[in-house]
Amino acid sequence: MSAAVTPLAYDVARVRADFPILGTTVRGKRLAFLDTAASAQRPLAVIEAVDRYERSSHANVHRGVYELSQNATDAFEGARERVRRFLNASSIKEIVFTRGTTESINLVAQAWGRRLGPGDEILITWMEHHANIVPWQMLCERTGAVLKVAPIDQRGELDLEAFRALLSPRTKLAAFTQVSNALGTVLPIRAMIDAARAVGALTLLDGAQAVAHERVDVRALGCDFYVFSSHKLYGPTGLGVLWAREAVLREMPPWQGGGDMILTVSFAKTTYNDLPYRFEAGTPHISGAVGLAAAIDYLEALGIERVHAHEQGLLARATHALRAIAGLRIIGEAKEKAGVVSFTLEGVHPHDLGTILDDEGVAVRTGHHCAMPVMEFFDVPATARASFGCYTDDADLEQLVYALGRAREVFG
Ligand SMILES: Cc1ncc(COP(=O)(O)O)c(C=O)c1O
């Protein structure tokens, strides 16, 4: 390989310098932030883009003819185009801004789901976040449709054969996560999409834990819906995306009524706006969209593939180090995993563990991770979960291992 094409080494120290919060201390200790799966930290580029917008461009969008409103509209619609490019979607008509993954799934369940009736089926997996379970349960209650759940095994992998066997012409939608937030498992999404399409079912991919860690191309995937949250992608909270194929979106009735989603309103008849505005009632999260666009720019400048490789290295080293700790059980040992390690420590309740780790400056999530069926399957009340992002470094892992040693000491 010539010098010109040798990829530069991933400089995590430089990346960390972009995230002001990583320079703070917790209880006098260096912050080891290992909860990126819950919400990623924001780089300066995002903080500054939002700040710039708030200081110099804010007004309501799509409404005013004055310059400021046009600037805000340009910024907001520019963000939509940035998301389109990021996902390789065909058109900005397919990019609907929502409040997050949860709202995107609820939008599909309420608008698209209206067509379902008794005898129709929705297929999910045992690994789903509650956001990809409960909206379908509510839809089934309303329509008489039936929710089917594909099982997982002790490694935390999907039983693909069982998934295939549960598909039938009755299946109207298969909705599944790309990466499990509780286990880190990367699902065999291509095989799942192909199998669902073969029976005529639509597919919804929950990309909340994937979109910041691997490249997503919705056209290449061949799914019908793709959803994610800005805050897991180094962007602001309160904003998410629903991508749907235009033909699918066009067939869906609106779900929330109000300003912006209409063309004309009279008491006799209201007509609805074109895509994607038909699904965006009310004033949107404009600064959030500006921040998301900046976050995408930031991540793409780092290189998603390089971030992915960095996180896979961390995953391997963390798994190796944690396996060496007596009494530590890793929950979820799929062959293909993202940068997430869930575990329990014998004799220590995960919540107590979380408190001790916090004393050492280590921020990990403890609990059921909004995936109670996964906890039930592995017969644990909760786990501790360390998750990685572009800024995670080996010092974070060392601090985690040291803090786990302290927990062992405290609890004997
Ligand atoms: C896989 C998965 N789906 C959905 C969600 C819900 O995301 P939000 O709370 O941003 O709507 C999460 C959040 O943790 C998640 O990990």
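The following passage describes the domain arrangement of the protein and the surroundings of its ligand. The structure is a predicted model.

The domain assignment divides the protein into two parts, domain 1 (3-43 + 304-407) and domain 2 (47-300). Domain 1 is thus given as two separate segments, whereas domain 2 is given as one. A distance of 27 Å separates the C-alpha centres of domain 1 and domain 2. Contact between the domains involves 41 residues of domain 1 and 35 residues of domain 2.

The ligand occupies the space of the largest pocket. Its surroundings consist of Thr101, Thr102, His129, Ala131, Thr177, Asn181, Asp206, Ala208, Gln209, Ser229, His231 and Lys232. Classified by residue type, this shell comprises eight polar, two nonpolar and two charged residues.

Polar side chains of the shell approach both nitrogen and oxygen atoms of the ligand. At Asp206, an N or O atom of the side chain is 2.5 Å from a nitrogen atom of the ligand. Oxygen atoms of the ligand are involved at Gln209 and Ser229: a polar side-chain atom of Gln209 lies at 2.7 Å from one ligand oxygen, and an N or O atom in the side chain of Ser229 is 2.6 Å from a ligand oxygen. The ligand taken alone exposes 390 Å², of which the protein buries 85%.

Technical notes
Residues are numbered from 1 along each chain as its sequence is written. This is a predicted model: local features need pLDDT of at least 70, side-chain atom pairs count only at pLDDT 80 or more; totals for chains, interfaces and linings use all residues. Side-chain values use heavy atoms; hydrogens and water are left out. A residue is near a molecule or strand if one of its heavy atoms lies within 4 Å of it. A polar contact is a pair of N or O atoms within 3.5 Å; within protein, one must be able to donate a hydrogen and the other to accept it, and residues adjacent in sequence count only if both atoms are side-chain atoms. Accessible areas come from the Shrake-Rupley method with a 1.4 Å probe; for residues, only the protein chains shown count as cover. On a 1 Å grid over the protein atoms alone, a cavity is a set of points where a 1.4 Å probe fits but cannot get out, and a pocket is an open set with protein on both sides within 12 Å along at least five of seven lines; lining residues have an atom within 4 Å of a point. A molecule sits in a cavity or pocket if more than half of its atoms lie within 2 Å of its grid points. Ala, Val, Leu, Ile, Met, Phe, Trp, Tyr, Cys and Pro count as nonpolar, Asp, Glu, Lys and Arg as charged, and the others, Gly among them, as polar. Domain bounds come from an automatic or database domain assignment. Contact means heavy atoms within 4.5 Å.
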